[in-house]
Amino acid sequence: MLLPKLLSSLAAGLLTGIVVLTVALIVPIYQEIRIACTVTGITCIGVFIFYIFRLPKKAQLAMMLDKKGLEERLITSLELEGKNDPVSYLQKKSTLKAIESFDVKQAFRFHVPNRVAAILVCASIIFIILPFVPSLSKENAIKSHAIQQAKDTELEKVSDLQEKIKEVEELSNEDADKYEQLLKEAMEELDDALSTQELQKAMERLETKMQKELAKEEDASNKSQIETAMNDTLGTEITQTADNTMESLQQELNQLQEELNELLQDGLSSEEI
């Protein structure tokens, strides 16, 4: 009796899962398979619990059994519950004999309605196929999630830097406010970024602004502490970008100078010949 209800609950759950997977083809939903499975499970449990509360009461069950061959013996015996007079005793005894010869399995054969079976089979097939259907929405969901993860990482770095700069005790209130404003603007820019390229550019702009402010910093101790904070939070590559750029430019200039010297020497040698 409960197994058909369980199968009906499973069919209902699969249908709700199909709805989620279908929506995911149109609207970006990250990890739509896990969400669909969760919704399916919750729906199955909810519908099954609903069926349990809808199970027939004692009197209703007695009437169902009577219709299967007990000929109202069971419902009559229930009405005589608590009575011990001779007539009631004989009625109950007759009911017990009828129950002993009553074949419950024969009366209530296992049967799954054709409609429920068809829905269950079709829903199972569709539920398995839908996750493999390609969709631009699925790709966008994955990209959006990756961007959000990168955004959260960068925001956490900037937030950590914000806290570390606040720990610089000798920093003046005016300078502290400047750094605070720079970091707030950077966080807003990061929060508005829609791609990894925009995130990268936002971090590069923050780096440039921080380097400019550090160049104005007269207190060597404050400058050192802020640079250390930037190295600890944003990474050494961020704080050393300007120095690395200058160093690479200097190397290129030296190389060009050597090439010019060689050309001049070759020119002089040819003139002497």
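Me: Arginine 205 and glutamate 189 meet through their side chains. What do they form, and how far apart are N and O?

Reply: They meet in a salt bridge, with 2.2 Å from N to O. Keep in mind that this is a predicted model. The general idea is that a nitrogen on a Lys or Arg side chain counts when it sits within 4 Å of a carboxyl oxygen of Asp or Glu.

Me: Where do arginine 205 and glutamate 189 lie?

Reply: Look for arginine 205 in helix α10 and glutamate 189 in helix α9. The two are 16 residues apart in sequence, so the pair ties those parts together.

Me: Are arginine 205 and glutamate 189 buried or exposed?

Reply: Here you need the cut-offs: under 20% relative accessible area is buried, over 50% is exposed, and partly exposed is in between. Arginine 205, at 39%, counts as partly exposed. Glutamate 189 is partly exposed too, at 27%.

Me: How many salt bridges are there in the whole structure?

Reply: A search turns up five. One of them joins lysine 209 and glutamate 185, with N and O 3.9 Å apart. This pair links distant parts of the chain, 24 residues apart: lysine 209 belongs to helix α10 (residues 196–216), and glutamate 185 to helix α9 (residues 173–192). As for accessibility, lysine 209 is partly exposed at 35%, and glutamate 185 is partly exposed at 33%.

Me: What about glutamate 154 and lysine 157, which residues of one helix?

Reply: Both sit in helix α8 (residues 136–166). They are three residues apart, which means about one helical turn separates them. They form a salt bridge, and their closest N and O atoms are 3.9 Å apart.

Me: Which class does each get, buried or partly exposed?

Reply: Try the cut-offs again. Glutamate 154 has a relative accessible area of 18%, so it is buried. Lysine 157 comes out at 26%, so it is partly exposed.

Me: Now arginine 34: where is it, and is it buried or exposed?

Reply: You'll find arginine 34 in helix α2 (residues 32–53). Its relative accessibility is 57%, so it counts as exposed.

Me: What does the side chain of arginine 34 make a polar contact with?

Reply: The general idea is a pair of N or O atoms within 3.5 Å. In this case, the partner is the side chain of glutamine 31, at 2.5 Å.

Me: And how far is arginine 34 from glycine 17?

Reply: You can count that two ways. Along the sequence they are 17 residues apart, and in space their C-alpha atoms are 9.8 Å apart.

How values were computed. Residues are numbered from 1 along each chain as its sequence is written. This is a predicted model: local features need pLDDT of at least 70, side-chain atom pairs count only at pLDDT 80 or more; totals for chains, interfaces and linings use all residues. Side-chain values use heavy atoms; hydrogens and water are left out. Helices (H or I, at least four residues) and strands (E, at least two) are DSSP runs, numbered from the N terminus. Buried means under 20% relative accessible area, exposed over 50%, partly exposed in between (1.4 Å probe, protein chains only). A polar contact is a pair of N or O atoms within 3.5 Å; within protein, one must be able to donate a hydrogen and the other to accept it, and residues adjacent in sequence count only if both atoms are side-chain atoms.
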